[in-house]
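Reader: Please take one part of this model and go through it closely. I would like the strand order, the pairing and the helices that pack there, with the cut-offs behind each term.

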Amino acid sequence: MSKRAAEGLPDTPSAKKPTMSKSGAPDGGAGQVEIDENLHSRQLAVYGREAMKRMATSSVLISGANGLGVEIAKNVVLAGVRSVTVHDTVTVSLSDLSAQFYLCEQDQFGSPSRGFCVHLCRGHQDVGRNRAEACREKLQELNTSVAVHAAAGTLTDDFVKQFQVVVCTTATLAEAKRLDALCHGVGTAFIWAQTRGVFARVFTDFGPSFTVYDVNGEEPHSGIVASVSSGEPAIVTCVEDERLEFQDGELVSFSEVVGMEKLNTHGPFKVQNCKAHSFELAVDTSEWGEYVRGGIVVQVKEPKALVFKTLEKAISEPGEFLLTDFSKLDRAAQLHVGFQALDKFEAETGRSPRPADASDAAKLQSLAEQINASLPDGSAKLEAVDGGVLAKLAHCASAEINPMAAMFGGVVGQEVVKAVSGKFHPIFQWLYFDSVESLPDMEQLAAAGGVGADEYKPLGTRYDSQIAVFGRTMQRRLSALKLFLVGAGALGCEFLKNFACMGVASQLPGGAEFGVVTVTDDDVIEKSNLSRQFLFRDWDIGSSKSTVAAAAAQKLNPGFHVTPLQNRVSPDTENVFDDKFWQGLDLVVNALDNVNARLYVDSRCVYFCKPLLESGTLGPKCNTQMVIPLLTENYGASRDPPEKQAPMCTVHSFPHNIDHCLTWARSEFEGLLEKAPREAASFLGNPADYAKAVRANPDASARQQLEAVAEVLLDNRSTTFEQCITWARLRFQDYFHNRIAQLTYTFPEDATTSTGAPFWSAPKRFPRPLIFDSADSAHAAFVQAGAILRADVYGIPRPSWATDARKVAAVAAGVDVPAFVPRAGVQIETDPKADRTKSSQAGRTYDDEAVIESLLTKLDAAAQQLGTTLKLSPIQFEKDDDTNFHMDLIAGLANMRARNYSIPEVDKLKAKLIAGRIIPAIATATAVATGLVCLELYKAILPGKPLEAYRNTFANLALPLFAMAEPIPPKVTKHNDLTWSLWDRWTLEGDLTVQQVLDWLKGKDLNAYSISCGPALLYNNIFPRHADRLNKKMSELVVTVAKMELPSHRDHFDVVVACEDDAGEDLDVPLVSIKFK
């Protein structure tokens, strides 16, 4: 069998040809591959161009179109390989729909309209069709640049040899051994992966010689050299701006060293004795001269060669297992034997063990004990087989559930990318995983009315596989769940898919009660979303994320009840997400991309005592955190340190890396093209009111604001495109020549500090002014982008030749540029501790008010002259449109500044990633995070799970690393016989006075001395006047002092009380809620 002949393979009747062929070179040459950077910008930030080019020339075979197989295929197609062939010999059964999201139960829609997955229901059900064929067209829609094929029948040697990677998700052990031996012999990567209920096994064999080009994907560590000693070992000291991250044994290279130049040419060098700001080189530098100044040291990342064993050999010699949960140190070894026993059980009986079948569990344990007894001492032999674990494996073995398919679809999908790109370290070679804690305890089921004889028997529904693992009781609870999903981006799309497959808020046959998933997101779909937010298509661009995602999820499962909203969850929308809304929820799942929003949702969940399942991703990394009422700490209990910002003087005058240059470029872009035109438009809208506001506070800030308006409306106002070119050319002169010339005039190269040390010492870099050259493509591109955007501000039409940078540069070359004359006495900020919010334009000696009055007079005259004829269009930075010249200008600003300071320049993509503050993101990490969260969801919806059953997880798919740990319990305060945590809230009934509240607390031996509501202080015993408030109603003070409205539907308000005990020690008491109605 084979793929289509057009790819150089013999055609077969069972291989379905794609409706759209892949663009690019038919021979797959890496040099000819074109990558859509707007579509893949977030992914490019993770993998880089070279790895993605290797991916785009690779063909992948995925054998097994079950839930796991299709999850892998989805992630690999989104990643952008050359082609994916999905193979299966099995026809669709109803139970497949429990985990395989691209299958239809029956014809419910007739001819669906254009939208998500137009082939989702084609006038027939998928049950009875070949599984690969049933999902091929849906997979093709994910990425039309990837050729997606379907195939059925036996996997022949000739067919398999055509692929760079072969993945098997349903193969027996015997078939897996055959395919692996074939692949190992021809250098094809082989992956064997299975999920069985809450258990999983992954095996990788990338051949006898596999090279990892980048082990971790991190940027090379670097430092700025401050000194190098002469002798052996040579001690290198770096400036203390940043802590060095070098590790002993790593290689480093040097550049820009003056005085010991052999460091620049004789590397790389191995480092030793690494410390926070220094390290040693095991070389003798005594004959290399004396170190004078300068130098950059950068880690040299070495390729790593791996030798993989075949499956046949690795079963008996597994080596080290990849651990996932450090509370289960021997679990991988137990499962290695257990899965072998399962392979033997299925080979002997032709079926999997049945759920909750004691005899099958006993047989599996017996086989495991036999296998373990046959192992030689010192190998993977166990001291004893864990019967409890084996019983659960037997219970789960026949079923596939969506969260496990989602999680391992991400894990294995990432392994495929590693195999074809050489990016990141592969699993070497076994990964075993289980989430037995997700299984309900008998006590939980009994408390919920379950544990009957039919608990695990099928209902004849799409959820039967899940019922076989968790039982009917859990399925009913999922069906009735009222869940709030905050965010419908990459995480949100995956969650909605998972919820639809799991039957969350989905009506069961004969079931009367069902819940609802409310999903909200105020964002709209952009092109860059399509590479990982898989529920969206190109025709959805510009539409509401939540609306499109909800509709797509309902098509995955017509019984799924989901309500989309377009509101941001914040204090401003508490009229939408009011007390009644929060009180009616069972569970909250965050799918957010910023900390402040997470903190707000967290605070609401704590207040209303609702479980919160939190997750996030960053490139190949992901984390999950479970916030469970009364059991765990909340999300806001721990915070990451704030992101370090470069000092103002560094950004403005002394940059030493490209990040500084891009930060400055973004700031200048916004000041020139957004803030100044907006201020000017505000002035023109009402000159009198604007002038009145400025005169009311005539300080330096107001003066600078007015100068920006004057720059737009007075001398530099443009009316023709040629004038826009003149403006851009003069900007070039000011930024890259005059300011630099002034800086070096003020601080010459031989300048010294007050202590006599060289002023231009590391990390400062001495700059050189640029001379405009119209033949320099970078100079031309800068002037072109600047002129075009300046014209857009004024609404000036672009001439046809404006798209030709050379013609624009030729006009710029003819601009009359005044000669630079240095000024004495100019003050330039050099203090790194200077306030970032203060102006960089220091040293002005004239009176602010006089300048303001002069400018207002000129601007008033200009406003009368212009009237309403001038319409300004401030430009808001948009990074993801390559046709708008925004990134062209920012990259030009940054690179010209980098050229001033001899800093390596970057291409537009790298500039976009940094200046656009793009968060690296890939579909695989998203899938892993959501799968892990949904495994925790099972635990949270039936009462009774202890703290030790829950898991917080940090995973790094690049390494790979999985670190799972119990959540941290909340801090508990004890006072006499009282205990409380952040989850407690004291509710007082009645329209109480201040004195009554104080008395209530006194009854608990708490001396309250202060009561506040929001920012307002209602009572404090240190203020004598507050004694008059003791007999006033709290509700009255909330209205009159705190200025809070208490609408008719509101029956309570909250106050914060500060208390101390009888010894005078402060105590943090719970929030006090006054139920005044």
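Author:

**The eight-stranded sheet and its surroundings**

Eight strands make up an open sheet in the order 18-17-16-19-20-21-22-23, and the pairing is mixed. Strands, like helices, are DSSP runs numbered from the N terminus (E, at least two residues, for strands; H or I, at least four residues, for helices), and two strands pair if DSSP finds at least two bridges between them. At the edges are strand 18 (562-565) and strand 23 (961-965), each of which pairs on one side only. On average, neighbouring strands of this sheet are turned by 10° against each other, direction ignored.

This is a predicted model, in which local features need pLDDT of at least 70 and side-chain atom pairs count only at pLDDT 80 or more, while totals for chains, interfaces and linings use all residues. Residues are numbered from 1 along each chain as its sequence is written, and side-chain values use heavy atoms, with hydrogens and water left out.

Within the sheet, strand 16 (residues 482-486) and strand 19 (residues 587-590) pair in the parallel sense over 4 bridges. In that pairing, L485 has V589 of strand 19 as its bridge partner. Helix 16 (residues 490-502) packs on the sheet and touches strand 16, strand 17 (516-520), strand 18, strand 19 and strand 20 (612-618). Contact here means heavy atoms within 4.5 Å. The direction of helix 16 makes about 160° with that of strand 16; axes are lines fitted to C-alpha atoms, for helices over the stretch in contact, and angles run from 0 to 180 degrees between N-to-C directions. Helix 19 (residues 595-608) lies across strand 16, strand 19, strand 20 and strand 21 (621-627), and runs at about 165° to strand 20.

Helix 17 (residues 545-556) belongs in this picture through its contacts: helix 16, strand 17 and strand 18 are among the elements that cover its buried residues. Those buried residues are K545, S546, V548, A549, A550, A552, A553 and L556, where buried means under 20% relative accessible area, exposed over 50% and partly exposed in between (1.4 Å probe, protein chains only). The 12 residues of helix 17 should span 16 Å at 1.5 Å a residue, and its end C-alpha atoms are 17 Å apart, which agrees. The expected span is 1.5 Å times one less than the number of residues.

For comparison, there is another sheet to consider. It is an open sheet of 7 strands in the order 3-2-1-4-5-6-15, again with mixed pairing. Its edge strands, strand 3 (147-151) and strand 15 (430-434), each pair on one side only. Neighbouring strands there are turned by 15° against each other on average, direction ignored. Strand 2 (residues 83-87) and strand 3 pair in the parallel sense over 5 bridges, and H87 stands opposite A151 in strand 3. Helix 6 (residues 173-186) packs on this sheet and touches strand 4 (165-168), strand 5 (189-196) and strand 6 (199-205), its direction making about 160° with that of strand 5.

A helix pair completes the account. Helix 12 (residues 402-421) and helix 30 (residues 923-941) pack at about 155°, with their axes 7 Å apart. Helix 12 and helix 30 are therefore roughly antiparallel (angles under 35 degrees count as roughly parallel, over 145 as roughly antiparallel, 65 to 115 as roughly perpendicular and the rest as oblique). Residues making the contact include M407 and G410 of helix 12 and G931 and L935 of helix 30.
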